[in-house]
Amino acid sequence: MKKPVMVVGGGIAGIQASTDLADMGIPVFLVESSPSIGGRMAQLDKTFPTNDCSACILAPKVTSCFNHPLVKTFTLSDLIDIKGEAPDFTAVVRQRPRFIDEEMCKGCDDCVNACPIEAKSEFDMGMGNRKAVYKPFAQAVPNKVAIDKKGTSPCKYECPANLDAHGYVSLIGEGRYEDALRVVRRTTPFAGVLGRVCLHPCEQQCSRQYVEDSVSICSLKRFIADVELQNGIKPSVTIDEDVIVKTDKVAIIGAGPAGLNCAYQLALKGYKPTIFEALPVAGGMLKVGIPDYRLDKDVLKGEIELIENMGVEIKVKNRLGTNFILF
(Lines give C-alpha, C1' and ligand atoms only; values in the text may rest on other atoms or scores of the structure.)
Protein backbone atom coordinates (compact mmCIF):
# COMPACT_ATOMS: atom_id res chain seq x y z
CA MET A 1 0.00 0.00 0.00
CA LYS A 2 1.27 3.45 -0.88
CA LYS A 3 2.10 5.85 1.92
CA PRO A 4 -0.65 8.36 2.66
CA VAL A 5 -0.28 12.03 1.84
CA MET A 6 -1.63 15.03 3.73
CA VAL A 7 -3.01 18.00 1.82
CA VAL A 8 -3.43 21.14 3.91
CA GLY A 9 -6.17 23.46 2.67
CA GLY A 10 -9.45 22.49 1.03
CA GLY A 11 -9.57 25.19 -1.60
CA ILE A 12 -9.77 24.39 -5.30
CA ALA A 13 -6.02 23.65 -5.43
CA GLY A 14 -6.20 21.31 -2.44
CA ILE A 15 -9.29 19.58 -3.83
CA GLN A 16 -7.68 19.03 -7.22
CA ALA A 17 -4.43 17.79 -5.69
CA SER A 18 -6.29 15.40 -3.38
CA THR A 19 -8.38 13.99 -6.22
CA ASP A 20 -5.35 13.55 -8.51
CA LEU A 21 -3.36 11.78 -5.80
CA ALA A 22 -6.29 9.55 -4.86
CA ASP A 23 -6.84 8.63 -8.50
CA MET A 24 -3.23 7.36 -8.50
CA GLY A 25 -4.07 5.07 -5.59
CA ILE A 26 -2.48 7.23 -2.89
CA PRO A 27 -4.50 7.66 0.35
CA VAL A 28 -5.03 11.34 1.12
CA PHE A 29 -5.82 13.21 4.34
CA LEU A 30 -7.35 16.57 3.41
CA VAL A 31 -7.22 19.08 6.27
CA GLU A 32 -9.39 22.22 6.10
CA SER A 33 -9.87 24.82 8.84
CA SER A 34 -13.38 25.92 7.81
CA PRO A 35 -16.60 23.85 8.14
CA SER A 36 -16.54 22.87 4.44
CA ILE A 37 -14.18 22.40 1.53
CA GLY A 38 -14.25 24.66 -1.50
CA GLY A 39 -12.23 27.64 -0.36
CA ARG A 40 -12.70 31.04 -1.96
CA MET A 41 -13.83 29.83 -5.35
CA ALA A 42 -17.47 29.66 -4.28
CA GLN A 43 -17.34 33.40 -3.57
CA LEU A 44 -16.43 34.17 -7.17
CA ASP A 45 -18.97 34.86 -9.89
CA LYS A 46 -16.94 33.83 -12.95
CA THR A 47 -13.63 32.14 -13.63
CA PHE A 48 -10.75 33.51 -15.68
CA PRO A 49 -10.17 33.29 -18.62
CA THR A 50 -13.16 31.17 -19.70
CA ASN A 51 -15.77 33.27 -17.91
CA ASP A 52 -17.51 30.10 -16.73
CA CYS A 53 -19.69 29.99 -13.61
CA SER A 54 -17.33 29.28 -10.72
CA ALA A 55 -19.97 27.42 -8.68
CA CYS A 56 -20.78 25.17 -11.64
CA ILE A 57 -17.12 24.18 -11.91
CA LEU A 58 -16.54 23.86 -8.18
CA ALA A 59 -19.60 21.77 -7.20
CA PRO A 60 -18.71 18.53 -9.04
CA LYS A 61 -15.06 18.75 -8.00
CA VAL A 62 -15.95 19.21 -4.34
CA THR A 63 -18.42 16.34 -4.40
CA SER A 64 -16.09 13.92 -6.20
CA CYS A 65 -13.21 14.77 -3.84
CA PHE A 66 -15.28 14.41 -0.67
CA ASN A 67 -16.80 11.10 -1.79
CA HIS A 68 -13.55 9.59 -3.09
CA PRO A 69 -12.87 6.37 -1.15
CA LEU A 70 -9.18 7.24 -0.73
CA VAL A 71 -9.74 10.81 0.52
CA LYS A 72 -10.38 11.34 4.21
CA THR A 73 -11.59 14.89 4.80
CA PHE A 74 -11.09 16.70 8.10
CA THR A 75 -13.05 19.94 8.28
CA LEU A 76 -12.87 22.44 11.15
CA SER A 77 -9.35 21.11 11.66
CA ASP A 78 -5.97 22.73 12.22
CA LEU A 79 -2.53 21.31 11.59
CA ILE A 80 -0.74 21.74 14.92
CA ASP A 81 2.61 20.07 14.36
CA ILE A 82 4.62 17.83 12.06
CA LYS A 83 7.14 15.44 13.59
CA GLY A 84 9.74 13.11 12.12
CA GLU A 85 11.98 13.19 9.08
CA ALA A 86 11.36 12.55 5.39
CA PRO A 87 9.79 10.36 4.23
CA ASP A 88 8.26 9.35 7.59
CA PHE A 89 6.24 12.16 9.10
CA THR A 90 3.63 12.22 11.83
CA ALA A 91 1.14 15.06 11.73
CA VAL A 92 -0.77 16.37 14.75
CA VAL A 93 -4.22 17.63 13.73
CA ARG A 94 -6.73 19.22 16.09
CA GLN A 95 -10.35 18.96 15.02
CA ARG A 96 -12.79 21.45 16.48
CA PRO A 97 -16.35 20.36 17.30
CA ARG A 98 -19.37 21.23 15.18
CA PHE A 99 -21.63 21.08 18.26
CA ILE A 100 -24.23 19.16 16.24
CA ASP A 101 -24.94 15.47 15.73
CA GLU A 102 -23.46 14.95 12.27
CA GLU A 103 -25.28 11.66 11.77
CA MET A 104 -28.65 13.31 12.48
CA CYS A 105 -28.04 16.48 10.46
CA LYS A 106 -29.75 16.44 7.07
CA GLY A 107 -28.60 19.87 5.95
CA CYS A 108 -32.22 21.09 5.80
CA ASP A 109 -31.41 24.47 7.43
CA ASP A 110 -34.42 24.33 9.79
CA CYS A 111 -32.11 25.01 12.73
CA VAL A 112 -30.50 27.88 10.81
CA ASN A 113 -33.89 29.54 10.33
CA ALA A 114 -34.77 29.03 14.00
CA CYS A 115 -31.48 30.38 15.40
CA PRO A 116 -31.86 33.87 16.95
CA ILE A 117 -28.14 34.71 17.05
CA GLU A 118 -26.48 36.55 14.18
CA ALA A 119 -22.83 37.11 13.35
CA LYS A 120 -20.88 38.64 10.50
CA SER A 121 -20.76 36.39 7.46
CA GLU A 122 -17.25 35.41 6.43
CA PHE A 123 -18.58 34.21 3.07
CA ASP A 124 -19.95 37.69 2.38
CA MET A 125 -16.68 39.27 3.57
CA GLY A 126 -18.43 40.83 6.56
CA MET A 127 -20.92 42.71 4.37
CA GLY A 128 -23.84 40.58 5.56
CA ASN A 129 -24.90 38.48 8.50
CA ARG A 130 -25.27 34.77 9.09
CA LYS A 131 -26.70 32.76 11.97
CA ALA A 132 -24.60 31.22 14.74
CA VAL A 133 -25.60 27.83 13.32
CA TYR A 134 -24.72 27.85 9.64
CA LYS A 135 -23.28 26.40 6.47
CA PRO A 136 -20.67 28.61 4.78
CA PHE A 137 -22.65 28.56 1.52
CA ALA A 138 -25.60 26.72 0.03
CA GLN A 139 -23.59 24.06 -1.84
CA ALA A 140 -21.18 23.45 1.05
CA VAL A 141 -19.64 19.99 1.37
CA PRO A 142 -20.10 18.28 3.73
CA ASN A 143 -23.77 19.29 3.75
CA LYS A 144 -23.76 19.71 7.52
CA VAL A 145 -24.29 22.78 9.67
CA ALA A 146 -21.90 23.90 12.36
CA ILE A 147 -22.43 26.04 15.44
CA ASP A 148 -19.99 28.87 15.94
CA LYS A 149 -19.17 29.12 19.64
CA LYS A 150 -16.67 31.64 20.91
CA GLY A 151 -16.54 30.57 24.53
CA THR A 152 -19.10 31.11 27.27
CA SER A 153 -20.90 34.44 27.49
CA PRO A 154 -19.94 36.37 30.67
CA CYS A 155 -23.54 36.48 31.88
CA LYS A 156 -23.88 32.69 31.71
CA TYR A 157 -20.47 32.20 33.30
CA GLU A 158 -21.42 34.42 36.26
CA CYS A 159 -24.83 32.80 36.82
CA PRO A 160 -24.72 30.35 39.78
CA ALA A 161 -27.24 28.14 37.96
CA ASN A 162 -25.41 28.51 34.62
CA LEU A 163 -28.59 29.73 32.92
CA ASP A 164 -28.22 30.51 29.24
CA ALA A 165 -29.04 34.22 29.58
CA HIS A 166 -27.66 35.05 26.15
CA GLY A 167 -30.02 32.49 24.63
CA TYR A 168 -33.29 33.55 26.20
CA VAL A 169 -32.55 37.28 25.95
CA SER A 170 -31.95 36.88 22.20
CA LEU A 171 -35.21 34.94 21.81
CA ILE A 172 -37.12 37.59 23.77
CA GLY A 173 -35.70 40.19 21.39
CA GLU A 174 -37.34 38.30 18.52
CA GLY A 175 -40.65 38.04 20.37
CA ARG A 176 -40.30 34.27 20.80
CA TYR A 177 -41.40 34.21 24.43
CA GLU A 178 -42.38 30.53 24.59
CA ASP A 179 -39.02 29.49 23.17
CA ALA A 180 -37.26 31.77 25.67
CA LEU A 181 -39.11 30.06 28.54
CA ARG A 182 -38.06 26.67 27.20
CA VAL A 183 -34.44 27.79 27.34
CA VAL A 184 -34.83 28.81 31.00
CA ARG A 185 -36.64 25.60 31.85
CA ARG A 186 -33.86 23.47 30.43
CA THR A 187 -32.06 24.40 33.67
CA THR A 188 -34.72 25.33 36.21
CA PRO A 189 -38.51 25.41 36.60
CA PHE A 190 -38.35 28.68 38.56
CA ALA A 191 -38.47 31.30 35.80
CA GLY A 192 -41.07 33.42 37.61
CA VAL A 193 -39.45 32.98 41.03
CA LEU A 194 -35.95 33.88 39.86
CA GLY A 195 -37.34 36.79 37.90
CA ARG A 196 -38.44 38.26 41.24
CA VAL A 197 -35.83 37.31 43.83
CA CYS A 198 -32.60 36.58 41.98
CA LEU A 199 -29.69 38.90 42.85
CA HIS A 200 -28.77 38.81 39.12
CA PRO A 201 -24.95 38.73 39.30
CA CYS A 202 -25.12 38.08 35.55
CA GLU A 203 -25.95 41.73 34.93
CA GLN A 204 -22.72 42.82 36.62
CA GLN A 205 -20.80 41.01 33.87
CA CYS A 206 -23.04 41.98 30.96
CA SER A 207 -20.95 43.18 28.00
CA ARG A 208 -23.59 45.78 27.16
CA GLN A 209 -22.50 47.85 30.17
CA TYR A 210 -19.47 48.97 28.17
CA VAL A 211 -21.80 50.54 25.59
CA GLU A 212 -24.58 51.95 27.78
CA ASP A 213 -26.18 49.88 30.58
CA SER A 214 -26.37 46.18 31.33
CA VAL A 215 -29.31 44.27 29.89
CA SER A 216 -32.03 43.76 32.54
CA ILE A 217 -31.67 39.99 32.39
CA CYS A 218 -33.57 39.28 35.61
CA SER A 219 -36.54 41.46 34.66
CA LEU A 220 -36.71 39.85 31.24
CA LYS A 221 -36.92 36.43 32.85
CA ARG A 222 -39.81 37.66 34.98
CA PHE A 223 -41.42 39.18 31.89
CA ILE A 224 -41.63 35.94 29.93
CA ALA A 225 -42.96 34.08 32.97
CA ASP A 226 -45.61 36.75 33.52
CA VAL A 227 -46.60 36.76 29.84
CA GLU A 228 -47.35 33.06 30.15
CA LEU A 229 -49.57 33.65 33.19
CA GLN A 230 -51.29 36.69 31.65
CA ASN A 231 -52.20 34.57 28.64
CA GLY A 232 -53.82 32.05 30.96
CA ILE A 233 -51.23 29.37 30.26
CA LYS A 234 -50.46 27.03 33.12
CA PRO A 235 -46.69 26.57 33.53
CA SER A 236 -45.68 23.21 32.09
CA VAL A 237 -42.75 21.30 30.63
CA THR A 238 -43.00 18.59 28.01
CA ILE A 239 -40.63 15.66 28.51
CA ASP A 240 -38.99 14.49 25.31
CA GLU A 241 -40.69 11.48 23.75
CA ASP A 242 -37.43 9.57 23.46
CA VAL A 243 -36.78 9.75 27.23
CA ILE A 244 -37.07 6.27 28.74
CA VAL A 245 -39.22 6.10 31.88
CA LYS A 246 -37.09 4.82 34.76
CA THR A 247 -38.44 2.48 37.44
CA ASP A 248 -35.71 3.23 39.99
CA LYS A 249 -36.93 4.77 43.24
CA VAL A 250 -35.31 8.07 44.21
CA ALA A 251 -35.85 9.85 47.54
CA ILE A 252 -35.00 13.52 47.96
CA ILE A 253 -34.83 15.04 51.42
CA GLY A 254 -36.14 18.58 51.53
CA ALA A 255 -38.55 20.41 49.24
CA GLY A 256 -36.55 23.62 49.16
CA PRO A 257 -35.14 25.14 45.96
CA ALA A 258 -32.33 22.58 45.71
CA GLY A 259 -34.55 19.56 46.35
CA LEU A 260 -37.23 20.76 43.96
CA ASN A 261 -34.76 21.51 41.21
CA CYS A 262 -33.07 18.13 41.76
CA ALA A 263 -36.44 16.40 41.37
CA TYR A 264 -37.16 18.49 38.28
CA GLN A 265 -33.91 17.46 36.57
CA LEU A 266 -34.52 13.81 37.44
CA ALA A 267 -38.05 14.05 36.02
CA LEU A 268 -36.65 15.40 32.76
CA LYS A 269 -34.53 12.23 32.56
CA GLY A 270 -37.51 9.94 33.13
CA TYR A 271 -37.38 9.36 36.89
CA LYS A 272 -40.33 9.71 39.29
CA PRO A 273 -38.67 10.86 42.54
CA THR A 274 -40.36 11.43 45.89
CA ILE A 275 -39.51 14.48 47.99
CA PHE A 276 -39.84 14.29 51.78
CA GLU A 277 -40.32 17.66 53.48
CA ALA A 278 -40.43 18.28 57.24
CA LEU A 279 -42.49 21.48 56.93
CA PRO A 280 -46.23 21.44 56.17
CA VAL A 281 -45.55 23.21 52.83
CA ALA A 282 -43.15 22.78 49.94
CA GLY A 283 -40.80 25.53 48.82
CA GLY A 284 -38.40 25.83 51.73
CA MET A 285 -37.09 29.38 52.25
CA LEU A 286 -38.82 30.50 49.07
CA LYS A 287 -42.12 29.81 50.86
CA VAL A 288 -41.39 30.67 54.49
CA GLY A 289 -38.33 32.94 54.31
CA ILE A 290 -39.20 35.49 51.61
CA PRO A 291 -42.08 37.92 52.29
CA ASP A 292 -45.07 37.99 49.96
CA TYR A 293 -44.34 41.51 48.70
CA ARG A 294 -40.99 40.22 47.44
CA LEU A 295 -42.22 36.94 46.00
CA ASP A 296 -45.80 36.28 44.92
CA LYS A 297 -46.52 32.89 46.46
CA ASP A 298 -49.04 32.07 43.72
CA VAL A 299 -46.14 32.19 41.25
CA LEU A 300 -44.16 29.82 43.46
CA LYS A 301 -47.16 27.52 43.83
CA GLY A 302 -47.63 27.35 40.06
CA GLU A 303 -44.01 26.43 39.45
CA ILE A 304 -44.07 23.77 42.19
CA GLU A 305 -47.20 22.33 40.55
CA LEU A 306 -45.25 22.24 37.29
CA ILE A 307 -42.79 19.89 38.98
CA GLU A 308 -45.56 17.74 40.49
CA ASN A 309 -47.26 17.44 37.09
CA MET A 310 -44.07 15.84 35.78
CA GLY A 311 -44.62 12.88 38.12
CA VAL A 312 -42.78 14.14 41.21
CA GLU A 313 -44.46 13.31 44.53
CA ILE A 314 -44.00 15.72 47.44
CA LYS A 315 -44.74 14.41 50.94
CA VAL A 316 -44.91 17.21 53.51
CA LYS A 317 -44.81 16.77 57.30
CA ASN A 318 -42.29 13.98 56.84
CA ARG A 319 -39.11 14.51 58.83
CA LEU A 320 -36.23 12.14 58.28
CA GLY A 321 -35.48 10.22 61.46
CA THR A 322 -38.85 11.10 63.02
CA ASN A 323 -41.57 10.13 60.54
CA PHE A 324 -39.50 7.80 58.40
CA ILE A 325 -36.03 6.36 57.92
CA LEU A 326 -34.09 5.29 54.85
CA PHE A 327 -32.34 1.95 54.43
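**Parallel sheets, a surface patch and backbone exceptions**

An open sheet of three strands, arranged in the order E1-E2-E3 and paired in parallel, is present in this structure, which is a predicted model. Its edges are formed by strand E1 (5–8) and strand E3 (71–74), each of which pairs on one side only. On average, neighbouring strands of this sheet are turned by 20° against each other, direction ignored. The pairing of E1 with strand E2 (residues 28–31) is parallel and extends over four bridges. Within this pairing, Val7 has Leu30 in E2 as its bridge partner. Helix H1 (residues 12–23) lies across E1, E2 and E3 and runs at about 170° to E2.

A further open sheet of three strands is found in the order E10-E11-E12, again with parallel pairing. Strand E10 (251–253) and strand E12 (313–315) stand at its edges; each has a single partner strand, so one side of each is left without a neighbour in the sheet. The average turn between neighbouring strands of this sheet is 25°, direction ignored. Strand E11 (residues 274–276) is joined to E12 in the parallel sense over three bridges. Phe276 has Lys315 in E12 as its bridge partner. Helix H9 (residues 257–268) packs on this sheet and touches E10, E11 and E12. The direction of H9 makes about 160° with that of E10.

A nonpolar patch on the surface is formed by Val8, Leu79, Ile82, Phe89 and Val93, which together have about 430 Å² of accessible area. Strand E4 (77–85) and strand E5 (88–95) each supply at least two residues of this patch. Among the patch residues, Leu79 is located in strand E4. The relative accessible area of Leu79 is 30%, and Leu79 is therefore classed as partly exposed, a category that lies between the limits of 20% and 50%. The loop between E4 and E5 contains Pro87, and the peptide bond leading from Ala86 to Pro87 is cis, with omega near 5°.

A cis peptide bond also links Val141 to Pro142, with omega near 5°. Pro142 is placed in the loop between strand E8 (133–134) and strand E9 (146–147). These backbone features may be set against the general pattern, in which most peptide bonds are trans and most residues other than glycine have a negative phi.

Positive phi values occur at non-glycine positions as well. Asn51, although not a glycine, has a positive phi of about 65°. Asn51 is situated in the loop between E2 and helix H2 (54–66). Its relative accessibility is 52%, so Asn51 counts as exposed, the limit for that class being over 50%. Lys317 likewise is not a glycine and has a positive phi, of about 55°. Lys317 belongs to the segment after E12, the strand that stands at an edge of the sheet E10-E11-E12. With a relative accessibility of 58%, Lys317 also counts as exposed.

Note on methods. Residues are numbered from 1 along each chain as its sequence is written. This is a predicted model: local features need pLDDT of at least 70, side-chain atom pairs count only at pLDDT 80 or more; totals for chains, interfaces and linings use all residues. Side-chain values use heavy atoms; hydrogens and water are left out. Patches are made of residues with over 30% relative accessible area and no salt bridge: like charges are joined within 9 Å, nonpolar side chains (Val, Leu, Ile, Met, Phe, Trp, Tyr) within 5 Å. Accessible areas come from the Shrake-Rupley method with a 1.4 Å probe; for residues, only the protein chains shown count as cover. A salt bridge is a side-chain nitrogen of Lys or Arg within 4 Å of a carboxyl oxygen of Asp or Glu. Buried means under 20% relative accessible area, exposed over 50%, partly exposed in between (1.4 Å probe, protein chains only). Two strands pair if DSSP finds at least two bridges between them. Axes are lines fitted to C-alpha atoms, for helices over the stretch in contact, and angles run from 0 to 180 degrees between N-to-C directions. Contact means heavy atoms within 4.5 Å.
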